[in-house]
Amino acid sequence: PVLLDWGHPGEEERAYGCADYINSLALDALRALREAHDGPIIVAGYCMGGVFALAMAQLAPMAVDGLLLLATPWDFSTEDSPAVSLPSPSTMLLRQFLLGMDPVPSAMINMIFHLIDPWAVQQRYAKFPHLTEAQQSHFLAIEHWLNDGVPLAQRVALETFVDWPQDNALHAGRFKIGRHWLAPEMVKCPSLV
């Protein structure tokens, strides 16, 4: 397995949007992997990484033999979508709020996620005293992973917290990578979603 992790945005990455990460880093990593590996390459992505994996499969079809998407955001208009639909003035305020940070700190990202379901944290932790020691250890490891984020480049935060969920940009076909619009129907490799 090869894991792509973008880490803290450096000076160059602070100007990046999601498409820049895909074009400048993800596709280059995929090409390097294809050159070094003659076996099948299955690209997998979790959450926003699923959008990146989908883009890699669409834009480099000869390098991707299979696709696995886990909890990949796509259509924010569905009832089971984990997003808060904001009225237009609130969306504008969120955009302005994020424009005041560069990069957007991980604590702010966690807060935005907590607003989706404010009681979820309390409900999870209420069960903690009733878990076995092994279950508590597992629980804490998951919580650490969930809360151990990195800052996001400002444009990435705007895309993922405003454009994608509030404008439903992914499902509406308004996410462009270079000259290509992201379109799942263009992916022809075997896929599991």
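## Cys18 and the other cysteines

Is Cys18 buried or exposed? In this predicted model, Cys18 has 0% relative accessibility, so it counts as buried. Cys189 also falls on the buried side, because its relative accessibility is 16% and the cut-off is under 20%. Cys47 gets a different label: at 27% it counts as partly exposed.

What about disulfides? The count is 0. Cys18 is not in one, and the nearest cysteine sulfur, which belongs to Cys47, sits 11 Å away. A pair would need its sulfurs within 2.5 Å to count, so Cys18 and Cys47 don't qualify.

## The sheet and helix α2

Now for the strands. There's an open sheet of 3 strands, ordered β1-β2-β5, and the pairing is parallel. β1 (42–46) and β5 (191–192) take the edges with a single partner strand each, so each has one side with no neighbour in the sheet. Between β1 and β2 (residues 66–70) there are 5 bridges, and Val43 stands opposite Leu67 in β2.

Helix α2 (residues 48–59) packs on this sheet, where it touches β1 and β2. The direction of α2 makes about 150 degrees with that of β1. The loop between β1 and α2 is where you'll find Cys47, which has a positive phi of about 55 degrees despite not being a glycine.

## Helix α1

Cys18 is also one of the buried residues of α1, along with Ala19, Tyr21, Ile22, Ala26, Leu27 and Leu30. The cover over these buried residues includes β1, α2, α7 and β3 (176–177).

How far does α1 reach from its first C-alpha to its last? The 19 residues of α1 span 26 Å, close to the expected 27 Å. There is a kink in α1 all the same, of about 30 degrees and centred on Ala26, a residue on the buried list.

## Helix α7 and what follows

Helix α7 (residues 154–167) has a kink too, about 25 degrees, centred on Thr160. The helix is mostly covered, with 11 of its 14 residues buried. Among them are Thr160 itself, the aromatics Phe161 and Trp164, and also Glu159 and Gln166. So what do the buried residues of α7 pack against? Their partners are α1 (18–36), α2, α3 (88–99) and α4 (106–116).

Right after α7 comes Asn168, placed in the loop between α7 and β3. Asn168 is another non-glycine with a positive phi, here about 50 degrees. At 14% relative accessibility, Asn168 counts as buried.

## Two prolines in loops

Pro73 sits in the loop between β2 and α3. Its relative accessible area is 17%, so Pro73 is buried. Leaving aside residues up to four places away in sequence, Pro73 touches Cys47, Met48, Val51 and Leu170. That ties Pro73 back to the loop between β1 and α2, by way of Cys47. As for Val104, it is 31 residues from Pro73 along the chain, and their C-alpha atoms are separated by 20 Å.

Where does Pro103 lie? It's in the loop between α3 and α4. The peptide bond from Asp102 to Pro103 is worth a look: it is cis, with omega near 0 degrees.

How values were computed:
Residues numbered from 1 in each chain as written. Predicted model: local features only at pLDDT ≥ 70, side-chain atom pairs only at ≥ 80, totals over all residues. Heavy atoms only, no water. Pairing = 2+ DSSP bridges. Helix = DSSP H or I, 4+ residues; strand = E, 2+ residues; numbered from the N terminus. Contact = heavy atoms within 4.5 Å. Axes fitted to C-alpha atoms, helices over the stretch in contact; angles between N-to-C directions. Bend = angle between axes of the 7 residues up to and from the residue. Buried < 20%, exposed > 50% of the residue type's maximum accessible area, 1.4 Å probe, protein only. Expected span 1.5 Å × (residues − 1).
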